[in-house]
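Here are a few exercises on charged residues, each with a worked solution. Have your viewer ready and try each task before reading on.

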Amino acid sequence: MSEASIGALRAASGEGITKRMALGGELALRDLGIDRVLSLRAHRADIVRGWASYAIGIVGGFALEERLEMIRPLADDGHSGVREWAWMGVRQRIANDLDVAIEALALWSQSLSANVRRFTSEATRPRGVWCAHIVELRREPDRAIGLLTPLRDDQSKYVQDSVANWLNDASKDRPEWVRDVCARWTKESRSTRTARIVKRAMRTIEKNA
């Protein structure tokens with residue numbers, strides 16, 4: 001990266017981490033171009049791989065399916081922070097093309113990698129964390145049921161927690177829908193893993209009962 005870009009990053013040191021990462025992605029893309037940015041996905045520094053996540057989110061000229069394939073190695077990164085930056089980097093693109101995103105991510109829900117499976121739910125949470133809400137899913141959470149259902153009995157607690165948080169998000173706008181989903185999943189899958197998801201998903205509903 002250029003000295004000017006490095007100076008800009010230093011000047012932003014007082015900003016929050018999300019803003020700094022987004023700036024890093026913007027500057028990396030400007031200085032290096034998308035081909036070299038994609039090579040950063042294998043960089044040894046976690047922060048640099050995070051910049052690549054945000055750069056993939058803002059670069060123009062790619063369909064959402066292509067962009068998701070670009071981000072997939074970062075969604076499966078060995079560092080938890082990079083995995084968070086991966087979904088945050090492309091979340092707005094997902095929100096802007098929701099039907100295409102849900103169709104594509106439904107396949108990711110069946111991945112052998114728990115990190116990739118978790119990306120599908122975390123990236124589409126109706127309210128999410130440190131990010132803008134997806135208003136369409138707050139209104140119509142059932143649009144995403146096809147990517148959530150394969151995860152209802154997931155073996156990974158990492159995935160279970162994300163699915164439960166997704167449903168808990170939805171319960172703040174559509175509590176009856178969440179009750180119905182939890183009741184159906186409990187009936188269809190009597191495993192302790194499903195029970196754990198349902199219990200965590202219902203926490204706001206039960207608190208407000």
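The exercises below deal with salt bridges, burial and surface charge in this predicted model.

**Exercise 1. Find the salt-bridge partners of R125, and decide whether each residue involved is buried or exposed.**

Step 1: Start with E122. R125 pairs with E122 in a salt bridge, with 3.0 Å between the closest N and O atoms.

Step 2: Turn to D169. The side chain of R125 also meets that of D169 in a salt bridge, at 2.9 Å from N to O. R125 sits in the loop between α7 (114-122) and α8 (135-139), while D169 belongs to helix α10 (residues 157-171), so this pair ties together parts that are 44 residues apart in sequence.

Step 3: Check burial, for which the limit is under 20% relative accessible area. R125 has 7% and is buried; E122, at 5%, is buried; D169, at 3%, is buried as well.

Step 4: Widen the view. A network of salt bridges links E84, R118, E122, R125 and D169. The structure holds 17 salt bridges.

**Exercise 2. Which parts of the chain does the pair R152 and E188 link?**

Step 1: Confirm the pair. R152 and E188 form a salt bridge whose closest N and O atoms are 2.4 Å apart.

Step 2: Place both residues. R152 is in the loop between α9 (145-148) and α10, and E188 is in helix α11 (residues 175-188); the pair links distant parts of the chain, 36 residues apart.

Step 3: Look at exposure. E188 has 47% relative accessibility and counts as partly exposed.

**Exercise 3. What is the nearest side chain of opposite charge to R83, and how far away is that side chain?**

Step 1: Locate R83, which is in helix α5 (residues 80-96).

Step 2: Find the opposite charge. The nearest such side chain is D77, 5.8 Å away. A salt bridge needs a nitrogen-to-oxygen distance within 4 Å, and R83, although buried, has no salt bridge.

Step 3: List the surroundings. Leaving aside neighbours within four places in sequence, R83 is in contact with L74, A75, D77, G78, N115 and Y158.

**Exercise 4. Which residues form a negative surface patch, and where does E103 lie?**

Step 1: Name the members. The patch is formed by E65, E66, D97 and E103.

Step 2: Place E103, which lies in helix α6 (residues 98-108).

Step 3: Check exposure, which requires over 50% relative accessible area. E103 reaches 61%, so this residue counts as exposed.

Key. Residues numbered from 1 in each chain as written. Predicted model: local features only at pLDDT ≥ 70, side-chain atom pairs only at ≥ 80, totals over all residues. Heavy atoms only, no water. Patch = residues over 30% accessible without salt bridge, like charges linked within 9 Å, V, L, I, M, F, W, Y side chains within 5 Å. Areas by Shrake-Rupley, 256 points an atom, 1.4 Å probe, with all protein chains shown as cover. Lys, Arg positive; Asp, Glu negative; His and termini not counted. Charge placed at Lys NZ, Arg CZ, Asp CG, Glu CD. Helix = DSSP H or I, 4+ residues; strand = E, 2+ residues; numbered from the N terminus. Buried < 20%, exposed > 50% of the residue type's maximum accessible area, 1.4 Å probe, protein only. Contact = heavy atoms within 4.5 Å.
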